[in-house]
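Hi there,

Here is the structure I promised to pass on to you. Have a look at it first, and then read on for my notes.

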Amino acid sequence: MVKSLAISLIALIIMKNLNVSIIGLSVLTILSMGAASVATGGVELNGLYSTDFVMGLMITLTLFVAILSYLSSAKVSRKASFNLMVISISLILVMSFSVSSFFLFFFFFESVLAPLLLLIVGWGYQPERLQAGGYMVIYTVFGSLFFLWGVSELYLSGMSSMMSSVGSLVKKSAMSLWWLYILGFLIKLPMYPFHLWLPKAHVEAPVAGSMLLAGVVLKLGGYGLLRFMAVMQVSLSSVFFVLLLSVNLAGGFYAGLACVRQVDLKCLVAYSSVAHMSLVLLGVLSNTLLGVMGAIIIMVGHGLCSSGLFSYVNAIYKMSHSRLLVMNKGGLLFCPVLVLMCFLLSSSNMAAPPSLNLFGEILVFGVGGWMSGAFLFILGLMSFISACFSLYLYGSCSHGKGLMHSESLNLSSLCDAFVLLSHWVPLNFLFMFMP
């Protein structure tokens, strides 16, 4: 730990003449190294912060995506304010994953909306960004109020507000509305049919906003659900449980079908997030070791893959000035490097080996088959449609008669290729370090 801190401090001194964003992200990296050094021990600090493997994994993902989002946003207006928003989002996310109290988690869970809304409204592309920001705030705040109600109800029933509480000490009547308490997490994931805010927010957000939103902010829903369900006692045969999983899987399949008919690249990637997050919800709600492990792996894999795809969409948008599929054909003629990275990320998006998505889906599929044969059938359809829209994305942007101008290709494409490669490498080689 001391060596890591010393190296980071030396790097910080070397970069003292750079702008505030690099310094801020360096400080965040130092903090994450300190947290990650004790992450495997499950230590609780002063009753407010706790460290374990999942927390360290989410914080590392947050900082990694934040740095790559900064590199993808080299040319933005009002640079200092933009950097402040990115650093604020990263800090709040780090605090969200670090706290051990449900009430503190709710506070940071909601606090991330403020800088994210300012990022969308201040650096969005179109006038509709105000409507998109309003959708995001109304949806998430409305659902989170039920979570606050649920935590308060459990606390008044005898359970501690700590995430390590024992749910058996609580009256069963206080847990009967568990499906309502988790509504805020279902919206944040998002689960069908609470996903309508997500495509609007992605379409209007700048590239850094889309990368942070898809890569990390959506993981708040899965992380919170994972912590909350650990203290709940839910019957796998209850009507609400079966209905919730059935709607979730059917919605994930429908989101995959919606991807195939999209004409906007950002909408396509956004709807693919809805399809993949339905697998996370199935794994977490199964309340089994393999299901939870699969959900965590998919969250990390999706965070890297989806963030990379949004970075790719931004790279070709800078060349064609359009997000329409019909306006971005023929990428092989103008930038083969970006097309190669699109192929690699698309293959990982369809869970091709050796990506993290493959290992996570194998575990979730096994748990789904154990729960119900019908669930396994729907999961098979989702896997097929995932391959369809991933190939649709790659084929539409790579082949055909191009409408982009070759002179629009410049050195920024090399920086974009580096960012995309930085997403793909951990996505396909982190399995070597899996415990």
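I'll start with the loops. Pro-190 sits in the loop that runs between α9 (183-188) and α10 (197-204). The peptide bond leading into that proline, from Leu-189 to Pro-190, is cis, with omega near -5°. Please keep in mind throughout that this is a predicted model.

There is another cis bond further along, from Pro-353 to Pro-354, with omega near 5°. Pro-354 belongs to the loop between α16 (336-349) and α17 (356-371).

Two other loop residues may interest you for their backbone angles. Arg-78, in the loop between α3 (53-71) and α4 (79-98), has phi near 50°, a positive value in a residue other than glycine. Its relative accessibility is 47%, so Arg-78 counts as partly exposed. Asn-287 lies in the loop between α13 (265-285) and α14 (289-320), and its phi is near 60°, again positive in a residue other than glycine. With a relative accessible area of 52%, Asn-287 is exposed.

Now for the overall picture. The protein has 435 residues, and 56% of them count as buried. Its secondary structure comprises 19 helices and two strands. About 17,500 Å² of the protein is exposed, with carbon and sulfur atoms supplying 73% of that area. Of the contacts with a separation of 6 or more, 81% are between residues 24 or more positions apart.

Next, the helix pairs. Two packed helices are described by the angle between their axes and the distance between the axes, and I have three pairs to report.

The loop with Arg-78 joins α3 and α4, so let me take that pair to begin with. The axes of α3 and α4 come within 9 Å and cross at roughly 170°. An angle over 145 degrees counts as roughly antiparallel, and α3 and α4 are therefore roughly antiparallel to each other. On the α3 side, the residues that meet α4 are Met-55, Met-58, Ile-59, Thr-62, Leu-63, Ala-66, Ser-69 and Tyr-70. On the α4 side they are Lys-79, Asn-83, Val-86, Ser-90, Leu-93, Val-94, Phe-97 and Ser-98. By class, this contact has ten nonpolar residues, five polar and one charged.

Then come α6 (residues 113-123) and α7 (residues 129-156), which pack at an angle of about 165° with their axes 9 Å apart. That angle makes α6 roughly antiparallel to α7. The crossing of α6 and α7 is right-handed. From α6, the contact takes in Leu-113, Leu-116, Leu-117, Ile-120 and Val-121. From α7, the contributors are Arg-129, Leu-130, Gly-133, Met-136, Val-137, Thr-140 and Val-141. Sorted by class, the contact of α6 with α7 has nine nonpolar, two polar and one charged residues.

The remaining pair is α12 (residues 239-260) with α13, packed at an angle of about 155° with axes 8 Å apart. That makes α12 roughly antiparallel to α13. Here the crossing is left-handed. Among the α12 residues in the contact are Phe-241, Leu-244, Leu-245, Asn-248 and Gly-252, while those from α13 include Leu-268, Tyr-271, Ser-272, Val-274 and Leu-285. The contact of α12 with α13 counts 14 nonpolar residues, five polar and no charged ones.

Finally, two individual residues within helices. Phe-102 is in helix α5 (residues 102-111) and, at 1% relative accessibility, counts as buried. Leaving aside residues up to four places away in sequence, Phe-102 touches Phe-147, Val-151, Ser-161, Met-162, Met-163, Arg-227, Phe-228 and Val-231. Arg-227 is 125 residues from Phe-102 along the chain, yet their C-alpha atoms are separated by 8.8 Å.

The other is Ser-383, in helix α18 (residues 373-398), which counts as partly exposed at 29% relative accessibility. Ser-383 and Phe-365 are 18 residues apart in sequence, with 9.9 Å between their C-alpha atoms.

Happy browsing, and all the best!

Technical notes: Residues are numbered from 1 along each chain as its sequence is written. This is a predicted model: local features need pLDDT of at least 70, side-chain atom pairs count only at pLDDT 80 or more; totals for chains, interfaces and linings use all residues. Side-chain values use heavy atoms; hydrogens and water are left out. Axes are lines fitted to C-alpha atoms, for helices over the stretch in contact, and angles run from 0 to 180 degrees between N-to-C directions. Helices (H or I, at least four residues) and strands (E, at least two) are DSSP runs, numbered from the N terminus. Angles under 35 degrees count as roughly parallel, over 145 as roughly antiparallel, 65 to 115 as roughly perpendicular and the rest as oblique. A crossing is left-handed if the near helix is turned anticlockwise from the far one by less than a right angle, and right-handed if clockwise. Contact means heavy atoms within 4.5 Å. Ala, Val, Leu, Ile, Met, Phe, Trp, Tyr, Cys and Pro count as nonpolar, Asp, Glu, Lys and Arg as charged, and the others, Gly among them, as polar. Buried means under 20% relative accessible area, exposed over 50%, partly exposed in between (1.4 Å probe, protein chains only). Accessible areas come from the Shrake-Rupley method with a 1.4 Å probe; for residues, only the protein chains shown count as cover.
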